[in-house]
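Q: I would like a close look at one part of this protein, namely its aromatic cluster. Please describe the cluster in detail and then set it within the rest of the structure.

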Amino acid sequence: TGLDAILFLLDQNVDPNKIGWIVSNDCWYFNRDMAEVENIYKAVTGQFDAILNSESVDEMYENYERSGIFMRIDKSVNPSKMRAATVSPKEMKKLSLIKNVVRNGRIDKIEETKIIFKCGKDIPTNPDTLHIDCSASGTLFQPVKQIFSISNINLQMVQAPQPTYSGSIIAAIEIAFPDDEEKKNQICTPIPAFQEKEDWISFVKESVTNADKIGKALGFSWIRSNRLCPLYHTSLLDLAWVMLYMLKNQTAILKKMEQLSETFKKNSNN
């Protein structure tokens with residue numbers, strides 16, 4: 001990614017003033033520290049409190065930022081994308097050293113003396129400049145489709161954040177209900193890849209809904225003993241607090257996400 005490339009250059013002691021960063025779309029980033037086991041209760045409650053205390057998608061992201069779960073490169077810019085790229089606060093501090101940031105959208109072509117953007121604007125360059133292409137989309141997956149389809153299993157995300165955990169769930173459901181395709185698909189609803197910031201709402205909603213169905217189908221002991229699941233690495237005390245929090249707030253969380261989604265659609269159509 002562009003973040004990786006810039007961090008690599010900085011780690012090689014390249015002068016930040018010699019680096020130009022073309023940002024076609026500003027993104028929200030997930031604070032990697034919040035994925036650490038010792039922060040799981042703070043991450044779960046912070047995430048859902050941010051949703052519960054919001055009246056709009058933008059306010060939700062601001063709440064995420066205040067709770068330390070999400071970050072952005074420039075606080076004066078409202079990002080339009082959310083792809084769940086993870087960055088540590090230490091790395092974010094390094095990235096802030098880059099002052100030559102260009103926000104003209106996507107590049108159309110690079111010529112010998114200028115970089116031309118699709119919007120028609122251009123900026124100067126020269127043959128002595130190293131141009132690093134980091135424009136591929138790593139999260140633009142194929143459209144979702146039914147996971148269990150006769151003799152085929154179409155691997156997709158059913159839980160956030162790691163694909164490996166989703167894979168283990170799909171395998172366990174196949175073993176548990178080998179001859180009931182309808183039941184398997186009812187339990188494992190595929191989660192679409194998220195790109196736009198509003199996609200995060202449906203992503204979280206589907207994750208929460210799936211988690212409830214998966215828990216009932218496979219049982220708590222299976223989830224707790226699966227090392228690919230974050231709960232496997234969580235202390236019993238933190239796990240108990242997380243479960244109590246979700247028991248108390250899950251219905252309200254799902255309702256609020258529906259409201260936020262409807263509000264965003266209504267405002268987008270105006």
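A: The following account begins with the whole protein, turns to the aromatic cluster, and then considers the other parts.

The model discussed here is predicted. The protein contains nine helices and 10 strands. Its C-alpha trace spans about 65 × 45 × 40 Å along the principal axes. Of the 270 residues in the protein, 37% are buried.

We may now turn to the aromatic rings. The structure holds 10 aromatic pairs. One of them joins Phe194 and Trp200: the ring centres are 5.4 Å apart and the planes stand at 90 degrees, so this pair is classed as edge-to-face. An angle over 60 degrees is what the edge-to-face class requires. Phe194 and Trp200 are both buried. Trp200 also forms an aromatic pair with Phe203, and this pair is tilted, with 5.1 Å from centre to centre and 35 degrees between the planes. Trp200 and Phe203 both belong to helix α7, which covers residues 199-218. Because they are three residues apart in this helix, about one helical turn separates Trp200 from Phe203. Trp200 has a relative accessible area of 7% and is therefore buried. Phe203 also counts as buried, because its relative accessibility is 6%. The cut-off that applies to both residues is a relative accessible area under 20%.

These rings belong to a wider group. Ring pairs link Trp28, Phe30, Tyr61, Tyr64, Phe70, Phe194, Trp200 and Phe203 into a cluster. Several of these names lead to a sheet.

That sheet is open and consists of three strands in the order β3-β2-β4, with mixed pairing. Its edge strands are β3 (70-71) and β4 (81-87), each of which pairs on one side only. Strand β2 comprises residues 27-31 and pairs with β4 in the parallel sense over four bridges. Two residues of the cluster have bridge partners in β4: Trp28 is matched with Met82, and Phe30 is matched with Thr86. With β3, by contrast, strand β2 pairs in the antiparallel sense, over two bridges. There, Tyr29 stands opposite Met71 of β3. Five of the five residues of β2 are buried, so this strand is largely enclosed by the rest of the structure. The ring cluster thus includes Trp28 and Phe30 alongside Trp200 and Phe203, and the latter two lie in helix α7.

Helix α7 also holds a residue with another degree of exposure. Lys205 is placed in helix α7. With a relative accessible area of 23%, Lys205 is partly exposed, whereas Phe203 is buried at 6%. Between the C-alpha atoms of Lys205 and Lys256 the distance in space is 9.9 Å, while 51 residues separate the two in sequence.

Helix α9, which covers residues 236-269, leads to the surface of the protein, for this helix gives the most to a nonpolar patch, with four residues. The patch has an area of about 580 Å² and is made by Tyr41, Leu237, Trp241, Leu244 and Leu247. Trp241 lies in helix α9. Its relative accessibility is 46%, and for this reason Trp241 counts as partly exposed. The two tryptophans considered here may be set side by side: Trp200 is buried, whereas Trp241 is partly exposed.

A further sheet may be described for comparison. It is also open, and its three strands follow the order β6-β7-β8 with antiparallel pairing. The edge strands are β6 (107-110) and β8 (122-124), and each of them pairs on one side only. On average, neighbouring strands of this sheet are turned by 20 degrees against each other, direction ignored. Strand β7, covering residues 114-117, is joined to β6 by three bridges, and these two strands run antiparallel. Within this pairing, Ile110 stands opposite Ile115 of β7. The pairing is thus antiparallel in this sheet, but mixed in the sheet that contains β2.

In summary, the cluster is linked by ring pairs. Among its members, Phe194 and Trp200 form an edge-to-face pair, while the pair of Trp200 and Phe203 is tilted. The cluster residues Trp28 and Phe30 have bridge partners in β4, namely Met82 for Trp28 and Thr86 for Phe30.

Definitions and conventions
Residues numbered from 1 in each chain as written. Predicted model: local features only at pLDDT ≥ 70, side-chain atom pairs only at ≥ 80, totals over all residues. Heavy atoms only, no water. Patch = residues over 30% accessible without salt bridge, like charges linked within 9 Å, V, L, I, M, F, W, Y side chains within 5 Å. Areas by Shrake-Rupley, 256 points an atom, 1.4 Å probe, with all protein chains shown as cover. Salt bridge = Lys/Arg side-chain N within 4 Å of Asp/Glu carboxyl O. Buried < 20%, exposed > 50% of the residue type's maximum accessible area, 1.4 Å probe, protein only. Pairing = 2+ DSSP bridges. Axes fitted to C-alpha atoms, helices over the stretch in contact; angles between N-to-C directions. Phe/Tyr/Trp six-rings, centres within 6.5 Å; stacked < 30°, edge-to-face > 60°.
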